[in-house]
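The following paragraphs go through one protein chain, from its overall layout down to single residues. Please keep the model open while reading.

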Amino acid sequence: MGVIQTGIVERSLPGGGKRMYATGVTFSNIGSEELLAYMAQNSQVGRATAQAALDAFVKLFKTYVLNGHAIQVPELGTFSLSAKTKSVANLEEATSDIIKRLRVRFTPAKVVRLNVKSTRFVGITVADDTI
């Protein structure tokens, strides 16, 4: 279970008017150095082994996901590509030019979805520009 600090933002509505919404607050981005330090501290492997594992995962991701495969990471979820395309009237027009954008899709594992459901929100903070 996680705990997320909650903030308040004000958003304009399309038809006019404004509404206040609760939003999660991101504390920081975890960089590779912090990730490696955490892996080494909280497992039975050294920093060099953690670095090798992370490098292997990046290579695996590039090799498989970026070549159209889906990879399933145990207890985390599945990574795959999704494409946004435009429609065409016939098969002759169906070329690679109809692909507008590729994105990496992440589908969380069941354990992750259950953990997200049990996350608590605490401490509403108000940004200075919303009052």
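Three helices and six strands form the secondary structure of the protein chain. Read from the N terminus, these elements follow the order β-β-α-α-β-β-β-α-β. The radius of gyration is 21 Å, well over the 14 Å that the globule rule gives for 131 residues, so the chain is more spread out than a compact globule. The model is a predicted one, and its C-alpha trace spans about 55 × 55 × 25 Å along the principal axes.

Other totals for the chain describe burial, surface and contacts. Buried residues account for 11% of the 131 residues. The accessible surface is about 10400 Å², and carbon and sulfur atoms contribute 55% of that area. Among contacts with a separation of 6 or more, 38% join residues that are 24 or more positions apart.

Next comes the sheet. Three strands make an open sheet in the order S3-S4-S5, and their pairing is antiparallel. Strand S3 (71-73) and strand S5 (99-108) are the edge strands, each pairing on one side only. From one strand to the next, the twist averages 30 degrees. In general, the strands of a sheet pair through backbone hydrogen bonds, in either a parallel or an antiparallel sense. Here, S3 and strand S4 (residues 77-85) are joined by three bridges in the antiparallel sense. Within S4, Gly-77 is the residue that stands opposite Val-73.

The loop between S3 and S4 contains Glu-75. What is the sign of phi at Glu-75, a residue other than glycine? The value is positive, near 60 degrees. As a general matter, most residues other than glycine have a negative phi. Glu-75 has a relative accessible area of 68%, and because the cut-off for exposed is over 50%, this residue counts as exposed.

Helix H2 (residues 47-64) lies across S3, S4 and S5, and runs at about 150 degrees to S3. Which residues make up the largest nonpolar core? There are five: Phe-61, Val-65, Ile-71, Val-73 and Phe-79. Val-73 is thus both a member of this core and the residue opposite Gly-77.

Val-65 shows how one core member is surrounded. With neighbours within four places in sequence left aside, Val-65 is in contact with Leu-60, Ile-71, Phe-79, Ser-80 and Leu-81. Among these partners, Ile-71 and Phe-79 also belong to the largest nonpolar core.

Notes
Residues are numbered from 1 along each chain as its sequence is written. This is a predicted model: local features need pLDDT of at least 70, side-chain atom pairs count only at pLDDT 80 or more; totals for chains, interfaces and linings use all residues. Side-chain values use heavy atoms; hydrogens and water are left out. A nonpolar core is a set of buried Ala, Val, Leu, Ile, Met, Phe, Trp, Tyr and Cys residues joined through side-chain atoms within 4.5 Å. Buried means under 20% relative accessible area, exposed over 50%, partly exposed in between (1.4 Å probe, protein chains only). Contact means heavy atoms within 4.5 Å. Two strands pair if DSSP finds at least two bridges between them. Helices (H or I, at least four residues) and strands (E, at least two) are DSSP runs, numbered from the N terminus. Axes are lines fitted to C-alpha atoms, for helices over the stretch in contact, and angles run from 0 to 180 degrees between N-to-C directions. The radius of gyration is taken over C-alpha atoms; the globule rule is 2.2 Å times the number of residues to the power 0.38. Accessible areas come from the Shrake-Rupley method with a 1.4 Å probe; for residues, only the protein chains shown count as cover.
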